[in-house]
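Biologist: I am new to this kind of reading, and I would like to be taken through a structure slowly. Could you show me the sequence and the model before we begin?

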Amino acid sequence: MRILVTGGAGYIGSVVAEELLLAGHEVVVLDNLSRGHREAVPKNAELVAGDLADRNCLDQLFRSRSGSASSSASPSTFSSSSIDAVMHFAALIEAGESMKTPETFFRNNTANALTLLEAMLAAGVKRFVFSSTAALFGNPERTPIQEDDPLKPTNAYGESKLLVERMLAWLHRIHGLRYACLRYFNAAGASRPDKGEAHDPETHLIPRILQVALGRADHVQIFGSDYPTPDGTCVRDYIHVSDLAKAHLLALEALGKQQPDSKPLIYNLGNGQGFSVKQVVEVARKITGHPIPVLESPRRAGDPAVLIASSEKIQRDLGWKPEFPDLESIMESAWRWHRSHPHGYGA
Ligand code: UFG
């Protein structure tokens, strides 16, 4: 199949693009490169440096590929066939940031997703895999969280993604769009020593901790030590990026087998185990051998106290099984990447 991967120059999208290529698919990456990295795009994928807000660009992409204004990493992958399915990763992802400028999250994550969906529908493309999030759940009523638990985001990031899930449900009902929503818990780790997480600015816990181990920062801040958790710090369920990527391929395959009356595929993706911020720092100390000083700081707005997934549904329905479920192997893979690329893709 020929798959359009939006945000395929980003952390998760680029790993999925690589897995798709390995599985024999053709991949077209659409990325505006505002956050992503050209170097992260697999060399056998075609890179279109364009923006989701640009409906003309999308229309061209969904029409014939020949003659479009793209920069191709591999001209041999250029064909005139249309897109068979879309995997949509391109989005702003920092939950904390969304509490400062929610409007940019609704523009980038919600409005741009609608533009993409409109262009897809106009072109008759009816398979969509959506990069959704645990942030939909807000402060959960029970743990581990199941897919049909209440959706009550505590930050604008989660709301911006929830609105997309809601639009998808209507497009399925009215236009027969087949879709999967994969609700990631905390993506972490590196798929290869030369491919990993590189955000600028970096806000995520594991890379920030590893920056301290690399000597690039003096300490890591702990945002809030007064949460109702055993050690007072927030608890998250960390999932290896390669395990996330595999779930996307399973979802795509399952969409291909669906009947017109089949239900959308909605899945949580985590390991079912929570680690507090302090526990994550402890694991990093063990892996890196660095003391990693911490500074207890005020809470970050919008952070739920505990997010732990039940991924039983995707295990049962699609046979997904994480290969790297333990935090130590996730941290080790992240450490290999950060140690060899202390400045990300830039150096
Ligand atoms: N944290 C710190 N210090 C830091 C960075 C983070 O204490 O320097 C804390 C946060 O307050 C939070 C936890 O570490 O309690 C994890 O924070 P991250 O920023 O690494 O991740 P989030 O849980 O905020 O969000 C991530 C993704 C979202 C996704 C969510 C799902 O960025 O896209 O996981 O759980 F929705």
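The conversation below goes through the ligand site, the aromatic rings, some backbone features and a few single residues.

Modeller: Please keep in mind from the start that this is a predicted model, and that the values we discuss are computed from it.

Biologist: Let us start with the ligand, then: which residues come nearest to it?

Modeller: A residue is counted around the ligand when one of its heavy atoms lies within 4 Å of it. There are 23 such residues here, and those that come nearest are Thr 133, Asn 186, His 204, Arg 300 and Asp 303.

Biologist: How many residues of that shell are nonpolar, how many polar and how many charged?

Modeller: The shell is made up of 14 nonpolar residues, five polar ones and four charged ones.

Biologist: And which helix and which strand each supply at least two residues of the shell?

Modeller: Helix H6, which covers 205-213, and strand S9, which covers 220-223, each supply at least two. S9 gives the most to the shell, with four residues.

Biologist: What distances separate oxygen atoms of the ligand from polar atoms of Asn 186, Arg 208 and Ile 93?

Modeller: For Asn 186, an N or O atom in the side chain is 2.5 Å from an oxygen atom of the ligand, and for Arg 208 a polar side-chain atom lies 3.0 Å from a ligand oxygen. Ile 93 takes part through its backbone instead, with an N or O atom 3.1 Å from an oxygen atom of the ligand. As for the ligand surface, it exposes 690 Å² when taken alone, and the protein buries 95% of that.

Biologist: Turning to the aromatic rings, how should I read a pair of them?

Modeller: A pair of aromatic rings is described by the distance of the centres and the angle of the planes. Rings count as a pair here if their centres lie within 6.5 Å, and by this rule the model has four aromatic pairs. In the pair of Trp 337 and Tyr 345, the ring centres are 4.9 Å apart and the planes stand at 45°, so the pair is tilted.

Biologist: Are Trp 337 and Tyr 345 buried or exposed?

Modeller: Both Trp 337 and Tyr 345 are buried. A ring can also have a charged group over its face, and the case here is Arg 299, which lies over the face of Tyr 227 at 3.9 Å from the ring centre.

Biologist: What should I look for in the backbone?

Modeller: Most residues other than glycine have a negative phi, and most peptide bonds are trans. Against that background, the bond from Thr 143 to Pro 144 is cis, with omega near -5°, and Pro 144 belongs to the loop between strand S6 (127-133) and helix H5 (156-175). The bond from Asp 200 to Pro 201 is cis as well, with omega near 0°, and Pro 201 is in the loop between strand S8 (186-188) and H6.

Biologist: Where does Leu 33 lie, and what is its phi?

Modeller: Leu 33 is in the loop between strand S2 (26-30) and strand S3 (46-48), and its phi is positive, near 60°. With a relative accessibility of 23%, Leu 33 counts as partly exposed. Ile 292, in the loop between helix H8 (277-288) and strand S14 (294-297), also has a positive phi, of about 40°, but at 0% relative accessibility Ile 292 counts as buried.

Biologist: Which side chains are joined to Arg 2 by polar contacts?

Modeller: Arg 2 lies in strand S1, residues 2-6, and is buried, with a relative accessible area of 2%. One polar contact, of 2.5 Å, joins its side chain to that of Glu 26, and another, of 3.4 Å, joins the side chains of Arg 2 and Glu 46.

Biologist: Finally, how do I compare separation along the chain with separation in space?

Modeller: One sets the count of residues beside the C-alpha distance. Gln 211, which is in helix H6, and Arg 339 are 128 residues apart in sequence and 9.1 Å apart in space. Leu 295, found in strand S14, and Arg 38 are 257 residues apart along the chain, with their C-alpha atoms separated by 35 Å.

Technical notes. Residues numbered from 1 in each chain as written. Predicted model: local features only at pLDDT ≥ 70, side-chain atom pairs only at ≥ 80, totals over all residues. Heavy atoms only, no water. Polar contact = N/O pair within 3.5 Å; in protein donor to acceptor, adjacent residues only side chain to side chain. Areas by Shrake-Rupley, 256 points an atom, 1.4 Å probe, with all protein chains shown as cover. Nonpolar A, V, L, I, M, F, W, Y, C, P; charged D, E, K, R; others polar. Phe/Tyr/Trp six-rings, centres within 6.5 Å; stacked < 30°, edge-to-face > 60°. Buried < 20%, exposed > 50% of the residue type's maximum accessible area, 1.4 Å probe, protein only. Lys NZ or Arg CZ within 6 Å of the ring centre and 35° of its normal.
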